[in-house]
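Student: Could you take me through one part of this model in detail, with the residue contacts and distances spelled out? I would like a careful, connected account that also places that part within the chain.

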Amino acid sequence: MNDFYWDDPYLFKYYPDQIFRRCIPDNEVSSVIKFCYSEACGGHFSSKKTTVKILQCGFYWPTMFKDSYEFCKTYENCQKIDIGKNVLLYNSRLHLFPGKLRSRWSGPFIVKHVYLYGAFDIKNPKNDNVFKVNGHRLKAYFDNFPSENESIGLNDLVYKG
């Protein structure tokens, strides 16, 4: 029990990296996962990266790895790919000697048709080529994130004491 610390009304867990993380009650779990997955600090990443974000934010609960996995697996905005949406295509070709480091995700492409058996027709907007791919090689592409322009004047940073 030396790993836990009570500071009313919160319970904290002491980690080996010498950081106290706040234990989250069950009724707050879904809002913490959603924030770390899709809001300001998230980026619609995998469940492991989402769990790392949760730990970086200073939170803990015993089933957070399982809960993050379930949330990411069933998050509707990422799992649903409709006609007309932008998607990224996973390039699974093996390159033994690549010229430079590149992402394995290419695109964005536009979904033209969805087949019942999980295949998709996607269109390359650069040359209008349409081709059929397996749905497992696609992920939704989010390009309209709100940009927050915040500026701080240099005069505000000067210490006046």
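Tutor: What follows looks closely at one strand and its charged side chains, then turns to the rest of the chain.

The coordinates belong to a predicted model, and the confidence is uneven: the protein chain averages a pLDDT of 78, with 74% of the residues scoring at least 70. The protein chain holds four helices and nine strands, which follow one another along the sequence as β-β-β-α-α-β-α-α-β-β-β-β-β. Of its 161 residues, 27% count as buried, and the chain exposes about 12,400 Å², of which carbon and sulfur atoms supply 53%. Among contacts in the chain with a separation of 6 or more, 41% join residues 24 or more positions apart.

The part chosen here is strand β3, which belongs to an open sheet of four strands in the order β1-β2-β3-β4, with mixed pairing. The edges of that sheet are taken by β1 (4-7) and β4 (59-60), each of which has a single partner strand, so one side of each is left without a neighbour in the sheet. Strand β3 covers residues 20-23 and pairs with strand β2, residues 10-14, in the antiparallel sense over three bridges. Within this pairing, F12 stands opposite R22 in β3.

Two arginines deserve attention, and R21 is the one with the fuller description. R21 is found in strand β3 and has a relative accessible area of 6%, which puts it in the buried class because that class is defined as under 20%. Its side chain meets that of D17 in a salt bridge, with 3.2 Å from N to O. D17 itself is partly exposed, with a relative accessible area of 42%, and therefore the salt bridge joins a buried arginine to a partly exposed aspartate. The side chain of R21 also reaches the backbone oxygen of L55 at 2.9 Å. Leaving aside residues up to four places away in sequence, R21 touches L11, F12, K13, Y15, L55, G58, F59 and Y60.

R22, which stands opposite F12, is likewise classed as buried, with a relative accessible area of 16%. R22 forms a salt bridge with E28, the closest N and O atoms being 3.2 Å apart, while E28 is partly exposed at a relative accessible area of 27%. As a general matter, side chains of opposite charge can pair when their charged atoms come close.

Beyond the strand, the loop between β3 and α1 (29-38) contains D26. D26 is exposed, with a relative accessible area of 73%. Although D26 and W61 are 35 residues apart in sequence, their C-alpha atoms are 8.5 Å apart in space.

The count of salt bridges comes to three, and another of them lies in a later part of the chain, where K123 forms a salt bridge with D128 and the closest N and O atoms are 3.7 Å apart. K123 is also the residue of β7 that stands opposite I110. Strand β7, residues 119-123, has the highest mean pLDDT among the elements of the chain, at 91, whereas helix α4, residues 76-79, has the lowest, at 60. Four of the five residues of β7 are buried, so this strand is largely enclosed by the rest of the structure.

The pairing around β7 involves two other strands. Strand β6, residues 105-114, pairs with β7 in the antiparallel sense over four bridges; the two form a hairpin with four residues between them, and G118 in the turn has a positive phi of about 100°. Strand β8, residues 130-134, pairs with β7 in the antiparallel sense over five bridges, and here I122 stands opposite F131 in β8. The hairpin of β7 and β8 has six residues between the strands, and in it D128 takes a positive phi near 60°. D128 thus appears in two roles, as a residue with positive phi in the hairpin and as the salt-bridge partner of K123.

Note on methods: Residues numbered from 1 in each chain as written. Predicted model: local features only at pLDDT ≥ 70, side-chain atom pairs only at ≥ 80, totals over all residues. Heavy atoms only, no water. Pairing = 2+ DSSP bridges. Buried < 20%, exposed > 50% of the residue type's maximum accessible area, 1.4 Å probe, protein only. Contact = heavy atoms within 4.5 Å. Areas by Shrake-Rupley, 256 points an atom, 1.4 Å probe, with all protein chains shown as cover. Salt bridge = Lys/Arg side-chain N within 4 Å of Asp/Glu carboxyl O. Polar contact = N/O pair within 3.5 Å; in protein donor to acceptor, adjacent residues only side chain to side chain. pLDDT = per-residue confidence, 0-100.
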